[in-house]
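User: Hi, could you walk me through this structure in plain words? I am new to this, so please explain the terms as we go.

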Amino acid sequence: MDRNGIREMMKANGSLKRMVDYLIMNQRLTRPRWYVRLFAPLYQHRAMSAKIYSSVRMDTPPYRRFSIGRRSVVESFSCINNAVGDVVIGDYTRIGLHCTVIGPVRIGNHVNLAQGITVSALNHNFEDMQLRIDQQGVSTSEVSIDDDVWIGANAVITAGVHIGRHAVVAAGAVVTKDVPGYSVVAGVPAKVIKTIRQTD
């Protein structure tokens with residue numbers, strides 16, 4: 001049975017899913033248990049030339065996909081979390097210091113994330129006023145970042161956003177809507193302030 005088949009079987013059996021989740025994830029710390037992390041090299045897909053610094057918090061349980069491509073780097077004190085969705089990082093991509101990436105997220109090739117960026121495809125549900133927010137679960141919507149994108153320091157990329165090829169996100173921007181390729185966005189919420197044109 002492949003990974004998708006196992007996921008479907010788990011979804012159909014709630015008590016089995018809760019038991020497996022308890023064995024894999026520390027419920028209080030919301031990260032894989034220490035004995036699961038020991039086996040991370042066996043289920044993470046890292047290109048031989050990729051570099052993930054030892055201080056990076058890798059919250060990557062085995063039931064979701066994590067992969068990082070050739071000559072890509074995740075710098076110190078970042079956090080990568082695929083507990084609620086796959087995280088796929090392409091080739092020649094750099095995730096800067098103190099970044100947080102919460103899946104499902106797909107990052108292309110030759111992408112540069114500066115320092116302190118949050119890319120999160122996760123939201124907490126809060127619509128039911130009869131329940132506390134922490135009782136309402138979460139929802140996800142994939143973030144996708146195309147090739148050749150530069151994101152400035154302390155930007156926030158929210159759930160469901162698609163950033164097109166050769167786009168630039170200014171430092172401190174909060175991106176809540178799709179970013180067209182070959183454009184520069186800035187502000188809170190981020191808006192297009194410039195189109196990048198071919199020069200003769």
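**The sheets**

Analyst: Let us begin with the sheet of eight strands, which is open, has mixed pairing and follows the order β4-β7-β10-β13-β18-β21-β23-β24. Strands here are DSSP runs of E with at least two residues, helices are runs of H or I with at least four residues, and both are numbered from the N terminus. Two strands count as paired if DSSP finds at least two bridges between them. This is a predicted model, in which local features need pLDDT of at least 70 and side-chain atom pairs count only at pLDDT 80 or more, while totals for chains, interfaces and linings use all residues. Residues are numbered from 1 along each chain as its sequence is written, and side-chain values use heavy atoms, with hydrogens and water left out.

User: Which are the edge strands there?

Analyst: They are β4 (51–52) and β24 (191–195), each of which pairs on one side only.

User: And how do β23 and β24 run, parallel or antiparallel?

Analyst: They run antiparallel and are joined by four bridges, with V184 standing opposite K194 in β24. The two strands form a hairpin with four residues between them, and in its turn G187 has a positive phi of about 105 degrees. On the other hand, β23 (residues 183–186) pairs with β21 (residues 168–169) in the parallel sense over two bridges, where V168 has V184 as its bridge partner.

User: What is the order of the sheet with six strands?

Analyst: That open sheet has the order β3-β6-β9-β12-β17-β20, and its pairing is parallel. Its edge strands, β3 (45–46) and β20 (162–163), each pair on one side only. Within it, three bridges join β12 to β17, and R106 has S144 in β17 as its bridge partner.

User: Let's go inside. Which residues touch the most other members of the largest nonpolar core?

Analyst: Those are I145, I151, I157, I163 and V169, out of 37 residues in that core. A nonpolar core is a set of buried Ala, Val, Leu, Ile, Met, Phe, Trp, Tyr and Cys residues joined through side-chain atoms within 4.5 Å. The elements giving two or more residues to it are β6 (66–68), β9 (87–89), β12 (105–107) and β17 (143–145). There is also a second, separate core of six residues, which includes I24, V36, A40 and A83.

User: What is I163 in contact with?

Analyst: Leaving aside neighbours within four places in sequence, I163 is in contact (heavy atoms within 4.5 Å) with S144, I145, D146, V149, I151, I157, V169 and V179.

User: What about S67, buried or exposed?

Analyst: S67 is in strand β6 and counts as buried because its relative accessible area is 8%. Buried means under 20% relative accessible area, exposed means over 50%, and partly exposed lies in between, with a 1.4 Å probe and protein chains only. Not counting residues up to four places away in sequence, S67 touches H45, V87, V88 and I89.

User: Now the outside: which residues make the nonpolar surface patch?

Analyst: The patch, of about 950 Å², is made by M19, Y22, L23, W34, Y35, L38, F39 and L42. Helix α2 (14–24) and helix α3 (34–37) each supply at least two of its residues, and α2 gives the most, with three.

User: Where does F39 lie?

Analyst: F39 lies in the loop between α3 and α4 (40–43), and it counts as partly exposed because its relative accessibility is 48%. Patches are made of residues with over 30% relative accessible area and no salt bridge, with like charges joined within 9 Å and nonpolar side chains (Val, Leu, Ile, Met, Phe, Trp, Tyr) within 5 Å. A salt bridge is a side-chain nitrogen of Lys or Arg within 4 Å of a carboxyl oxygen of Asp or Glu. Accessible areas come from the Shrake-Rupley method with a 1.4 Å probe, and for residues only the protein chains shown count as cover.
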